[in-house]
Amino acid sequence: MHWAQMQEAGSLAGMRFMLRVYRVCGRWPFRFLLFFVLLWFYARRRIAREASREYLQRLRDFSDGATPTPVSRNVFRHFLAYSEILLDKLLTVGASNSLTDYRVDGFECVAPLLEQKRGALFITAHFGNIEFCRKLSERHTGVHLTVLVHTKHAAHFTRMMKELDPDYGVDLMQVADVGIDTAIALAQRIDAGGFIVITGDRVPVGSATATVRIPFLGSDANFPISPYVLAAMLQCPLLSVFGIRRPDGFAITLRQIAESISLPRRGRETAVVPHAAAFAELLETECLKAPFQWSNFYPFWTPPEFSKAAAKIEETR
C-alpha cells in the first residue's frame, strides 16, 4: 500500500478534545486517556502494526540487538511516540513566545550560510518534530523555512495547525503542485538567502518511477530522487535536518550532504544514488538514537508495484 492511500487517523473533533485535555489537565492525564484511544487504533490498524513490527525488527537486526525488540508492547510504544510527536507539533505551532530548551549539533554547517545570506535545501524525514526547527529558525535567525509538504491525506491535522496559527500555511507548498511557477518561486527564495525543506523518505505520490533503491537498515528500499534533482536545479548546498524531543530538551542535528549537486540529463537516477545513500545513512543513525521517532507506518521496504497489488488483495477480503 502506498503511504498516501492510508486514511487519516482520528476526527477533527477528537483532536480538538485531546488537545483540550492536555491544556487543562497536563501531559500525564493526556497520556492516560491517549492509552485507551490508541488501544482502539492499534486493534484496527493492521497494516500500521505490521509496518511498525517490520521496522523494529530490521532496526534490531541492524543494531545487533541494541534496539527494542519487535514485540506487541514496543509496537504500541511506537504508536504512542507518534501520538506525542503530533501533540508536540501542535504545541510548537501554538506557542506564542517561549520554546523549550534545545541544543543544536552541527550548527557549523549553517553558520557560514547565514553569514553569507546563502540559501540552501534541507532534506528531512518523517522523524521527530520538524515544526520545532521551523519555529526556532524564525525566532532566532529570522529565516523562514519554506516546507514542501503533502498534506491532502492529513486534512484534519493540517486544519488543527492552522487553527492554532493562522500563518501556519504561509510557508508551506504542496509538493504535488510543484510546476514551473513553483520552481521559479523556490529559486527566488534560495537567491534571497532562504531555506527550503523537503522530506526524503517517502515514494512520490503518483510516481513510483522517480525513485532509487537504497540500502536502509540492512535491505533495499525506495527513496525519492526529487530532493537531489531539486538541489541540482537550484544550485545550492544540500543539508539534512532532524529534530527530536529528549528528556533534557529538544535536539536538532544538522549535517551537510553536498556543497552542490550536478546531474547529467541521462542517468540521473544513477547519479543521485551516492547522495540518497548518504541521507539514508544519516537517517539510520537517527533511528538508532531514537528508535520510536520514525513515523512511516506503511510497508516501507515493499516495492510500490507489489504493495499496490497487496492493497487490492486486501480490499477484496
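This report covers a pocket, a surface patch, the salt bridges and two backbone angles in a predicted model.

Residues are numbered from 1 along each chain as its sequence is written, and side-chain values use heavy atoms, with hydrogens and water left out. Local features need pLDDT of at least 70, side-chain atom pairs count only at pLDDT 80 or more, and totals for chains, interfaces and linings use all residues.

**The second largest pocket**

The second largest pocket has a volume of about 510 Å³. A pocket here is an open set of points on a 1 Å grid over the protein atoms alone, where a 1.4 Å probe fits, with protein on both sides within 12 Å along at least five of seven lines. The volume is the space filled by probe spheres set on the points, which are joined across faces, edges and corners.

The lining holds 21 residues; a lining residue has an atom within 4 Å of a point. Ala81, Glu84, Arg245, Phe292 and Gln293 lie nearest the centre. Helix H2 (27-44), helix H4 (72-94) and strand E8 (238-246) each supply at least two lining residues. H4 gives the most, with six. Helices (H or I, at least four residues) and strands (E, at least two) are DSSP runs, numbered from the N terminus. By type, the lining divides into nine nonpolar, four polar and eight charged residues. Nonpolar means Ala, Val, Leu, Ile, Met, Phe, Trp, Tyr, Cys and Pro; charged means Asp, Glu, Lys and Arg; the others, Gly among them, are polar.

**Salt bridges**

The structure holds six salt bridges. Each is a side-chain nitrogen of Lys or Arg within 4 Å of a carboxyl oxygen of Asp or Glu. The table gives three of them, among them one with Arg245 of the pocket lining.

| Pair | Closest N to O | Apart along the chain |
|---|---|---|
| Asp88 and Arg245 | 2.8 Å | 157 residues |
| Asp105 and Arg255 | 2.9 Å | 150 residues |
| Arg118 and Glu259 | 2.9 Å | 141 residues |

Asp88 sits in helix H4 and Arg245 in strand E8. Asp88 counts as buried because its relative accessibility is 7%, whereas Arg245 is partly exposed at 42%. Buried means under 20% relative accessible area, exposed over 50%, partly exposed in between (1.4 Å probe, protein chains only).

Asp105 is in strand E1 (residues 102-105) and Arg255 in strand E9 (residues 249-258). Asp105 is partly exposed at 38%, and Arg255 is partly exposed at 29%. Arg118 lies in the loop between H5 and E2, and Glu259 in the loop between E9 and helix H10 (268-289).

**Surface patch**

Phe32, Phe35, Phe36 and Leu39 make a nonpolar surface patch of about 420 Å². Such a patch takes residues with over 30% relative accessible area and no salt bridge, with nonpolar side chains (Val, Leu, Ile, Met, Phe, Trp, Tyr) joined within 5 Å. Areas come from the Shrake-Rupley method with a 1.4 Å probe. Leu39 is in helix H2 and is partly exposed at 38% relative accessibility.

**Positive phi values**

Lys117 has phi near 55°, a positive value in a residue other than glycine. Lys117 is in the loop between helix H5 (111-116) and strand E2 (120-124). With a relative accessible area of 67%, Lys117 is exposed. Leu217 also has phi near 55°. Leu217 is in the loop between strand E6 (211-216) and strand E7 (219-224). Leu217 is buried, at 3%.

Note on methods:
Patches are made of residues with over 30% relative accessible area and no salt bridge: like charges are joined within 9 Å, nonpolar side chains (Val, Leu, Ile, Met, Phe, Trp, Tyr) within 5 Å.
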